[in-house]
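Pull up the model and let's walk through it together. We'll look at some aromatic rings and then at a helix.

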Amino acid sequence: MKRFVSLPEALAECRLIDSEAGRKIALYRLKGPRKGPALLWGHANGFAAGCYAKLLSALARSADVFAFDAAGHGGSDTTDTDLPAFCTADALATDIESVVCATQAWSGLARLHYAAHSLCGAAMLHLATGHRARFDALALAGLLLFEPPLFPPEGHALKQAADESQIKRLARTAARRAEFAGGPEEFAAYLAQREMFADFPPETLLDHARATLRPDGDTWRLACTPAMEAELFRTFKRVPLFLRLAEYRPPPTIGFVAGDIAQAKSVGNWVTGIMDDAAARTPGASLAVLQGRSHMMVFEDFDKSLKCMQDFCVS
């Protein structure tokens with residue numbers, strides 16, 4: 001049976017690369033002129049490269065764009081057993097290291113820009129702050145990170161909000177449906193009822209559904225199971241990324257992109273609310289704020305998100 005891909009063949013070529021962590025990772029190269037700087041994109045937990053099809057296709061008009069499905073997502077290897085071992089921060093960082101090397105070889109360019117939303121931003125930060133020599137060997141041109149989850153440490157004003165949010169998130173994730181007999185259309189209609197997806201355009205919801213549902217006989221199942229997604233949330237709650245940011249030394253410089261920080265703090269949304277502290281803590285970092293937007297800003301404000309990435313590629 002043909003292997004599932006999260007980005008359709010009409011938009012991207014796919015290669016399966018062997019990660020040093022011992023699994024196969026789906027790496028995509030967007031179709032387009034393939035001129036200009038090379039950029040590698042990483043996705044959020046429970047998402048996949050194809051969820052960002054519109055954004056990546058637009059960016060591919062002026063850059064050579066690559067994207068990948070993290071292990072347990074999209075067209076990459078997954079498992080239903082021993083999730084704590086499969087979902088370690090070290091394994092995810094090793095996957096990204098392997099993906100960067102494969103992208104450099106495929107593009108013929110040694111200098112890559114790396115941009116990511118949420119999970120894959122945190123995994124890159126773990127590589128940068130926990131395995132610095134390996135990170136330096138990649139010689140990346142820059143990092144642009146859309147709200148990586150940086151759990152607040154003890155004593156931080158958002159610590160209690162983060163702990164309470166994690167408990168609720170894990171409960172919601174565990175109760176989530178994993179099977180949709182009606183396929184992507186049924187899943188997109190289901191997502192439209194959830195608050196997190198309320199501001200997604202209908203065509204973007206369909207992109208998300210097609211990228212994250214794998215056909216399975218006469219039904220469809222989530223490529224990233226609720227159990228896998230929950231384990232990844234637990235993984236990055238244990239990694240002290242926020243504290244490590246102070247030890248980071250450029251190059252490359254890190255650019256953070258956040259939703260409406262002031263609004264987030266007023267309602268206890270720690271993921272967005274901590275971003276100004278994170279940027280201030282990181283030597284040489286910059287911070288762009290998309291007012292009125294949430295953690296899902298990449299989908300809520302296509303034009304500004306695209307502009308952030310275009311500016312990043314030419315900076």
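Are F200 and F299 buried or exposed? Keep in mind that this is a predicted model. Both F200 and F299 turn out to be buried. Their ring centres sit 4.6 Å apart with the planes at 25°, and since planes under 30 degrees apart count as stacked, that is what we call this pair. Look at where the two partners come from, too: F200 is in the loop between α7 (183-191) and α8 (202-212), while F299 belongs to helix α14 (residues 297-300), so the pair ties together parts that are 99 residues apart in sequence.

These two phenylalanines have company. One aromatic cluster takes in W41, F47, Y52, F146, F197, F200 and F299. Across the structure there are 14 aromatic pairs.

Another of those pairs is F151 with W270. Here the ring centres are 4.3 Å apart and the planes meet at 35°, so this pair is tilted. It again links distant parts of the chain: F151 sits in the loop between β6 (142-146) and α6, W270 sits in helix α12, and 119 residues separate them. How buried are the two rings' residues? With buried meaning under 20% relative accessible area, F151 qualifies at 11%, and W270 does as well at 5%.

That loop leads us to α6 itself. Helix α6 covers residues 159-174, which makes 16 residues, and its first and last C-alphas are 23 Å apart, close to the 22 Å expected at 1.5 Å a residue. Which of its residues are buried? They are K159, A161, A162, Q166, L170 and T173. Viewed down the axis of α6, these buried residues fall within an arc of 155°, so they line one face of the helix. Swing round to the face turned away from that buried side and you'll find the exposed residues Q160, I167 and K168.

So what covers the buried residues of α6? The cover includes α9 (226-238) and α12 (270-273). Helix α12 should ring a bell, as W270, the partner of F151, is in it.

Before you leave the aromatics, check two arginines that lie over rings. R23 is over the face of F86, at 4.4 Å from the ring centre. R177 does likewise with Y190, over the ring face and at 5.6 Å from its centre.

Conventions:
Residues are numbered from 1 along each chain as its sequence is written. This is a predicted model: local features need pLDDT of at least 70, side-chain atom pairs count only at pLDDT 80 or more; totals for chains, interfaces and linings use all residues. Side-chain values use heavy atoms; hydrogens and water are left out. Helices (H or I, at least four residues) and strands (E, at least two) are DSSP runs, numbered from the N terminus. The expected span of a helix is 1.5 Å times one less than its number of residues. Buried means under 20% relative accessible area, exposed over 50%, partly exposed in between (1.4 Å probe, protein chains only). The arc is that of the directions from the helix axis to the C-beta atoms. Contact means heavy atoms within 4.5 Å. Rings of Phe, Tyr and Trp (its six-membered ring) pair if their centres lie within 6.5 Å; planes under 30 degrees apart count as stacked, over 60 as edge-to-face and the rest as tilted. A charge sits over a ring if NZ of Lys or CZ of Arg is within 6 Å of the ring centre and within 35 degrees of the ring normal.
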